[in-house]
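Colleague: Thanks for making time for me today. Could you take me through the ligand site and the pockets, one step at a time?

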Amino acid sequence: MRIICVEDYHQMSKKAANIVASQLILKPNSVLGLATGATPLGMYKQLVKTYKAGHIDFEEVTTFNLDEYYGLNKENEQSYYYYMYDNFFQYINIDMKKVNIPNGMARDIHKESLAYERKIRSCGGVDLQVLGIGRNGHIGFNEPDIKFEALTHMVRLDEQTIQDNSRFFDSIEDVPTKAISMGIKTIMHAKKILLLANGKEKAEAIYGAIYGKITPELPASVLQLHPDVVFVMDQDAASKLDLEKLKEEYL
Ligand code: GLP
């Protein structure tokens with residue numbers, strides 16, 4: 001596990017974009033696992049800048065998003081499909097046929113989940129998975145008490161997640177209560193993982209993910225078992241960590 005602590009959100013976004021960019025430089029046909037939420041927005045902006053400056057190319061890239069709300073279609077402004085197109089894909093030269101996001105409108109979620117897993121495998125697996133983290137330590141939409149062995153599947157959102165995500169909706173009643181999400185096992189199969197966090201409200205979850213017991217009660221704690229994971233965070237998210245001690249342990 002590698003921990004990178006930077007000053008602020010802007011630095012976190014730049015650092016994360018540089019890590020993704022170097023992945024694409026080393027392997028232009030990389031399979032990227034992508035995340036949504038407020039946290040990676042700055043990283044996407046930076047990646048667009050790097051692309052426009054001619055330093056990276058997305059032509060051969062394949063992407064798999066972590067999750068999608070159940071019951072929202074692509075045209076819905078709150079859907080993660082819309083988010084990804086609006087904030088990222090429309091600005092880069094990605095082949096939209098190589099973009100994969102779970103279909104939240106699928107009639108048979110079980111079938112959709114199996115097909116998603118099969119597709120990830122047929123593309124050779126995820127080379128670099130980007131993650132955010134929920135205040136309760138969720139990754140993707142894998143809420144506390146999730147089974148670590150879960151692959152892509154339908155999940156029920158926690159009250160806290162519904163509360164947190166209601167800031168993107170007109171009212172809390174509009175927030176879907178279910179989603180389709182890669183499971184912990186899917187995430188753990190990624191060759192590399194890059195987790196981003198900023199803000200004081202993430203400090204507790206970050207502390208638990210790094211120092212805590214490995215437990216489904218804090219899904220991100222499972223990352224301690226991954227062989228190639230980097231946390232990039234700002235000072236607020238790192239505020240509960242003993243950085244001096246971490247330097248000795250991890251750097
Ligand atoms: C959502 C997403 C996660 C994301 C998390 C944190 O529920 N499903 O992938 O990491 O919330 O979101 P934010 O970055 O907005 O704090």
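Colleague: How do the residues of the shell around the ligand divide into nonpolar, polar and charged?

Modeller: Happy to help, and please keep in mind that this is a predicted model. The ligand is surrounded by 14 residues, and A38, T39, D67, R167 and K202 are the closest. Sorted by kind, the shell holds 4 nonpolar, 7 polar and 3 charged residues.

Colleague: Which residue has a polar side-chain atom 2.8 Å from a nitrogen atom of the ligand?

Modeller: Let's go through the contacts by ligand atom. An oxygen atom of the ligand lies 2.4 Å from an N or O atom in the side chain of T39, and an oxygen atom of the ligand is 3.4 Å from a polar backbone atom of I133. For a nitrogen atom of the ligand, the polar side-chain atom at 2.8 Å belongs to D67.

Colleague: What percentage of the area that the ligand exposes alone does the protein bury?

Modeller: The polar contacts of the ligand include the one with the side chain of D67, at 2.8 Å. Taken by itself, the ligand exposes 390 Å², and the share of this that the protein buries is 95%.

Colleague: Where does the ligand sit, and which helix gives the most to the lining there?

Modeller: The ligand is found in the largest pocket, which has about 470 Å³ of space. This pocket is lined by 25 residues, with G37, I133, N165, R167 and K202 closest to its centre. The lining divides into 9 nonpolar, 10 polar and 6 charged residues. With 3 residues, the helix that gives the most to it is α5 (residues 159-165).

Colleague: Which element gives the largest share of the lining of the second largest pocket?

Modeller: That pocket has a volume of about 290 Å³, and 18 residues line it, with K74, I101, P102, N103 and E112 nearest its centre. Two elements, β5 (99-100) and α4 (109-122), give two or more residues to this lining. The largest share is 4 residues, and it comes from α4.

Colleague: And how many residues in that second lining are charged?

Modeller: The lining of the second largest pocket can be sorted in the usual three groups. Its nonpolar residues number 9 and its polar ones 4, while the charged residues number 5.

How values were computed: Residues numbered from 1 in each chain as written. Predicted model: local features only at pLDDT ≥ 70, side-chain atom pairs only at ≥ 80, totals over all residues. Heavy atoms only, no water. Near = heavy atom within 4 Å. Polar contact = N/O pair within 3.5 Å; in protein donor to acceptor, adjacent residues only side chain to side chain. Areas by Shrake-Rupley, 256 points an atom, 1.4 Å probe, with all protein chains shown as cover. 1 Å grid on protein atoms, 1.4 Å probe; cavity = no way out; pocket = protein on both sides within 12 Å on 5 of 7 lines; lining within 4 Å. Sits in = over half its atoms within 2 Å of the grid points. Nonpolar A, V, L, I, M, F, W, Y, C, P; charged D, E, K, R; others polar. Points joined across faces, edges and corners; volume = space filled by probe spheres on them.
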